[in-house]
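Q: Could you walk me through how to read pockets and helix packing in a model like this one?

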Amino acid sequence: MKNIYFYLLPHNSFFPTLKKIFFVICCVVMAFSPRVYAQEQKEKPIMESLQELEKNVTVLEAEVLQRKRLMRSEKIIDDLDVLNMDLKDVFKLIETKTGVHIICDEAFEGRVTLSLKEVNAFDALRIILEPKGLAYEPASSLAAYVMSDEKYQAKNGFSFKDKLQVRVVPLFYVNADSVKESLNKVKSPSTKAVIDPKANAIVLIDSPELLGWMEEFIHKIDVPVETKTFPLQHKDASSIASGLQDSLTENVGRVVPGATANSIIVTDTPEKLIGVEEMIRRLDTEDQKIQVQIHVLQVLLNDEHQNGVDWEAILSNYQKMPAKDSATKDVKIDTLRLGVISSEDYLVLLEALNTIGMTRTILAAEKDIQKEEVLPVAISPEATLNLSRVKKSTVVSSPNQFEIFFTPLNQEAGELTLRIQPKARASEHSTEVKVRDGATIVVGSMFADVTIESIKKFPFLGSIPFLGVAFQSQRKDIHKSEVIVFLTVKFLPGTEKSFANVK
């Protein structure tokens with residue numbers, strides 16, 4: 001029994017060996033487990049990507065199928081490219097692509113070579129038949145009878161060519177796709193324009209009178225052009241492109257943001273590109289710092305000028321802006337009147353305002369502002385004014401104060417565009433004004449009633465302390481006043497960098 005237990009119980013020399021084996025197994029498991037986990041984690045996003053790709057392919061296939069159905073319903077052939085094909089086979093090809101059944105009253109011989117893109121089945125028939133002295137009549141939206149032009153004329157009293165004609169206009173300098181894009185903007189709805197991509201030509205279908213005008217239009221835009229890329233250093237490509245388009249040759253010039261960082265691509269005639277380069281040089285300058293001087297003036301109108309200043313006769317770039325919904329308890333407004341005056345006229349105007357009433361300054365300040373920074377100008381005229389201290393009066397803040405917001409938008413060629421928007425509670429009205437360096441924007445026709453207190457004294461006796469009150473009389477009068485905002489713009493000197501190289 002003892003020997004049996006001896007052999008059943010683990011021997012002391014066996015324990016170290018077992019520990020070593022167990023340790024090796026643990027090391028192997030720990031070494032491979034991260035790889036297995038990583039492989040599982042890696043396979044998971046791959047499967048998700050494959051599922052997403054499969055979903056996108058399904059959507060794309062559905063869109064292609066929908067487009068084919070739409071083109072078939074409208075009898076549109078996306079691509080008709082035949083080379084020396086028998087006429088009967090061309091008819092079969094059109095029928096296969098669009099479902100339009102072509103019926104011939106006799107066997108017509110001939111071969112066809114052409115390349116058309118996105119063409120209506122009946123337009124394609126006309127393009128094919130007319131040069132061969134053939135004609136067709138639509139029997140329905142799904143069928144057409146093909147016959148000789150003589151038979152068509154005997155039946156209808158006029159030739160197949162009399163009502164509509166086909167004219168092929170070859171292009172020598174520009175791409176047919178771009179010409180069709182320009183043509184679609186000016187042609188009548190009845191005019192059909194089809195692209196022949198292989199010949200780089202436009203196939204026109206319309207009345208003879210209109211075809212002549214359309215052909216002349218195509219010849220005007222089919223001119224030699226060049227394309228240049230202009231890197232920009234200061235201004236955003238989209239803003240330069242939008243400001244440049246109107247200066248390019250009509251229906252020829254094009255400008256788009258470039259593929260590289262902040263650049264524009266311009267296509268136009270070589271002569272026009274010379275001027276375009278100089279224009280971009282002027283536009284692509286560093287924005288100068290802007291300083292505005294704000295002067296808010298209140299004019300106590302005399303009896304002859306109760307309607308306020310006639311701003312239309314004084315200001316250039318005169319504008320009217322509705323602002324009735326922006327009026328407050330203190331400031332009465334129906335329509336703001338605004339415009340621009342030069343620095344010389346500004347000084348003359350200040351002198352002239354003294355002739356229509358007594359003036360006083362409500363606010364005088366200056367501030368440096370940046371592009372898109374909103375500058376609020378608060379207008380809060382005092383309701384009561386003592387004549388003895390007009391020149392020393394101060395601005396009193398009011399909960400019903402009226403505000404005008406000035407926002408610089410952009411600088412171009414020494415000119416600043418500002419957006420002007422009145423706002424007290426909520427106003428959707430705004431306008432834009434362009435002003436040059438040193439000029440002043442004027443905003444008027446804001447009215448406020450002012451109570452004026454005046455004191456009359458008996459000579460000498462009215463000035464005696466305490467006793468003089470008995471020899472004084474006080475009077476309060478309500479006067480109409482006009483509040484005027486002057487905003488003078490000044491460009492501060494800034495650094496300018498050289499124009500980038502043109503490619």
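What follows is a short chat about a pocket and two helix pairs in this predicted model.

Q: Let's start with empty space. What is the volume of the largest pocket?
A: Rolling a probe the size of a water molecule over the atoms shows where empty space is left. Here the largest pocket comes out at about 310 Å³.

Q: And which residues lie nearest its centre?
A: Ser182, Asn251, Val252, Gly253 and Arg254 do, out of a lining of 18 residues. By class, that lining has six nonpolar, eight polar and four charged residues. Helix H7 (residues 176-186) gives the largest share of the lining, with five residues.

Q: H7 also packs on H8, so how do I describe that pair?
A: Two packed helices are described by the angle between their axes and the distance between the axes. For H7 and H8 (residues 208-221), the angle is about 135° and the axes are 11 Å apart. The two are therefore oblique to each other, and their crossing is right-handed. On the H7 side, Val179, Ser182, Leu183 and Val186 make the contact, while H8 brings Trp213, Met214, Phe217, Ile218 and Ile221. Sorted by class, this contact has eight nonpolar residues, one polar and no charged ones.

Q: What about H3 and H4: at what angle do they pack?
A: H3 (residues 87-98) and H4 (residues 121-129) pack at about 170°, with axes 11 Å apart. Angles over 145 degrees count as roughly antiparallel, so H3 is roughly antiparallel to H4.

Q: Which residues meet there?
A: Leu87, Val90, Phe91, Ile94 and Thr98 of H3 meet Ala121, Leu125, Ile128 and Leu129 of H4. That contact divides into eight nonpolar, one polar and no charged residues.

Technical notes: Residues are numbered from 1 along each chain as its sequence is written. This is a predicted model: local features need pLDDT of at least 70, side-chain atom pairs count only at pLDDT 80 or more; totals for chains, interfaces and linings use all residues. Side-chain values use heavy atoms; hydrogens and water are left out. On a 1 Å grid over the protein atoms alone, a cavity is a set of points where a 1.4 Å probe fits but cannot get out, and a pocket is an open set with protein on both sides within 12 Å along at least five of seven lines; lining residues have an atom within 4 Å of a point. Grid points are joined across faces, edges and corners, and a volume is the space filled by probe spheres set on the points. Helices (H or I, at least four residues) and strands (E, at least two) are DSSP runs, numbered from the N terminus. Ala, Val, Leu, Ile, Met, Phe, Trp, Tyr, Cys and Pro count as nonpolar, Asp, Glu, Lys and Arg as charged, and the others, Gly among them, as polar. Axes are lines fitted to C-alpha atoms, for helices over the stretch in contact, and angles run from 0 to 180 degrees between N-to-C directions. Angles under 35 degrees count as roughly parallel, over 145 as roughly antiparallel, 65 to 115 as roughly perpendicular and the rest as oblique. A crossing is left-handed if the near helix is turned anticlockwise from the far one by less than a right angle, and right-handed if clockwise. Contact means heavy atoms within 4.5 Å.
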